[in-house]
Amino acid sequence: MKSILGHWRVLEIAFAYKTNEKEGIAKDGYNYLGFAAIMDPLREGVKEAVSKANTAGIEVVMVTGDHPNTAFYISKGLGIVISKDEVMDGLSVSHWQERGADKEEIANKRVFARVSPQQKQLIVEKFQALGHFVAVTGDGVNDAPALKSANIGISMGKSGTDVARESSDMILTDDAFSSIVNGIEEGRVAYDNIRKVIHLLISTGFAEIVLIMLSMLFFTPIPLLPVQLLWLNLVTNGIQDVALGFERAEPGVLERKARDPKEPIFNAVMISRVVVGGLYMGISAFAVFYTLLSYGYTEDMARNITLFLMVLFENVHVFNSRTEKHSIFKINHRKNKFLWMSVIVAQGLHLISMYTPFMQNILDIKPIDAEIWLILLVIALALIAVMEFEKILRKKYLK
């Protein structure tokens with residue numbers, strides 16, 4: 001991803017004293033003293049924001065109308081460039097255009113100085129042709145073409161012109177580049193949380209499909225009644241998936257490589273996690289149901305115990321869904337108190353239903369012996385070990 005800056009201001013003033021008695025301003029008769037440069041100071045936190053952007057895999061490029069030397073020293077202070085080889089001025093851009101504007105020639109350039117609005121737009125388009133997802137910031141009329149051509153145009157809310165704001169997709173109300181980086185971080189957290197919710201819902205739903213399919217293959221009674229499946233999906237999943245939406249940023253969220261915008265949510269990682277988790281839950285639940293029937297338990301009691309196991313599975317699996325890269329033993333489980341509350345409420349609702357006559361009749365459930373509780377809890381907790389092993393294998397084979 002490329003982030004292009006284009007709103008630095010530098011004013012250069014020449015000083016001289018008059019050596020003749022002519023009135024008014026003359027073309028000659030002055031002794032040159034020197035130059036004074038006035039520039040907008042680097043805002044507090046900008047250098048740190050640029051560093052964070054680079055860490056996040058976002059390459060920052062400066063496109064400005066300032067002199068190349070001025071642009072170089074500003075960008076060097078920001079950590080954008082190291083040497084002048086990374087700077088390209090407007091004349092060089094013009095020669096580059098005359099040669100056919102090969103995109104590879106600007107691949108390693110990080111500063112473009114004294115460029116026209118049309119050249120800014122061309123630079124954006126060539127970076128896009130290189131495969132970059134380009135965000136452009138600007139505040140003036142001359143930035144409008146580049147803002148319009150960018151994947152994301154970001155204008156300044158305070159200092160930006162109406163034309164720049166109308167040409168952009170996003171407006172920064174505080175004109176701070178650091179807000180863009182903070183927005184990227186929040187965007188990654190939101191995307192991660194969407195994946196977490198989808199993983200929980202799809203993997204548990206896949207487990208239910210596996211459970212029913214196995215009963216059909218082995219010609220057994222259905223392990224869960226329709227009303228029990230409805231209870232499982234609406235009451236347990238319906239509480240936990242909302243809680244996952246409140247997850248905070250995982251460690252190193254900004255240190256990850258930028259994601260390909262075309263990458264689907266159901267990528268290799270998601271499919272691997274869904275299949276492994278769903279198969280373990282579905283096969284284990286069917287094995288319990290089949291074993292109970294073999295030991296002479298009634299169909300109703302076998303379903304009752306199997307339903308309780310599935311509730312335990314979902315309450316355990318919600319913690320597996322909190323992270324797809326890190327071990328769940330290395331993340332802080334105290335951050336999301338709402339998640340703990342959702343698990344307690346979901347499990348509590350089912351326990352209350354098991355001892356409430358009205359719900360017993362609706363769901364066809366009843367209390368379970370403590371010994372069976374313990375066995376089911378061990379089976380459910382083993383899901384954590386299965387998913388941790390999946391992460392180890394995935395890191396080794398899915399790079």
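A residue counts as buried when its relative accessible area is under 20%. By this criterion, strand β7 of the predicted model is mostly covered. The strand spans residues 134-138, and 5 of its 5 residues are buried. Their side alternation splits them into two sets. Val134, Val136 and Gly138 point one way from β7. Ala135 and Thr137 point the other way. Both sets are buried.

Strand β7 pairs with strand β8, which covers residues 152-156. The pairing is parallel and runs over 4 bridges. Within this pairing, Val136 of β7 has Gly153 of β8 as its bridge partner. Gly138, in turn, stands opposite Ser155 in β8. Of the 5 residues of β8, 4 are buried, so this strand is largely enclosed by the rest of the structure.

A helix pair was examined next. Two packed helices are described by the angle between their axes and the distance between the axes. Helix α3 comprises residues 90-98, and helix α4 comprises residues 117-129. The two pack at an angle of about 60°, with their axes 11 Å apart. Angles under 35 degrees count as roughly parallel and those from 65 to 115 as roughly perpendicular; α3 and α4 are therefore oblique to each other. The crossing of α3 past α4 is left-handed. On the α3 side, the contact is made by Gly90, Val93, Ser94, Trp96 and Gln97. Helix α4 contributes Gln119, Leu122 and Lys126. By residue class, the contact of α3 with α4 divides into 3 nonpolar, 4 polar and 1 charged.

How values were computed: Residues numbered from 1 in each chain as written. Predicted model: local features only at pLDDT ≥ 70, side-chain atom pairs only at ≥ 80, totals over all residues. Heavy atoms only, no water. Axes fitted to C-alpha atoms, helices over the stretch in contact; angles between N-to-C directions. Parallel < 35°, antiparallel > 145°, perpendicular 65-115°, else oblique. Left-handed = near helix turned anticlockwise from the far one by under 90°. Contact = heavy atoms within 4.5 Å. Nonpolar A, V, L, I, M, F, W, Y, C, P; charged D, E, K, R; others polar. Buried < 20%, exposed > 50% of the residue type's maximum accessible area, 1.4 Å probe, protein only. Pairing = 2+ DSSP bridges.
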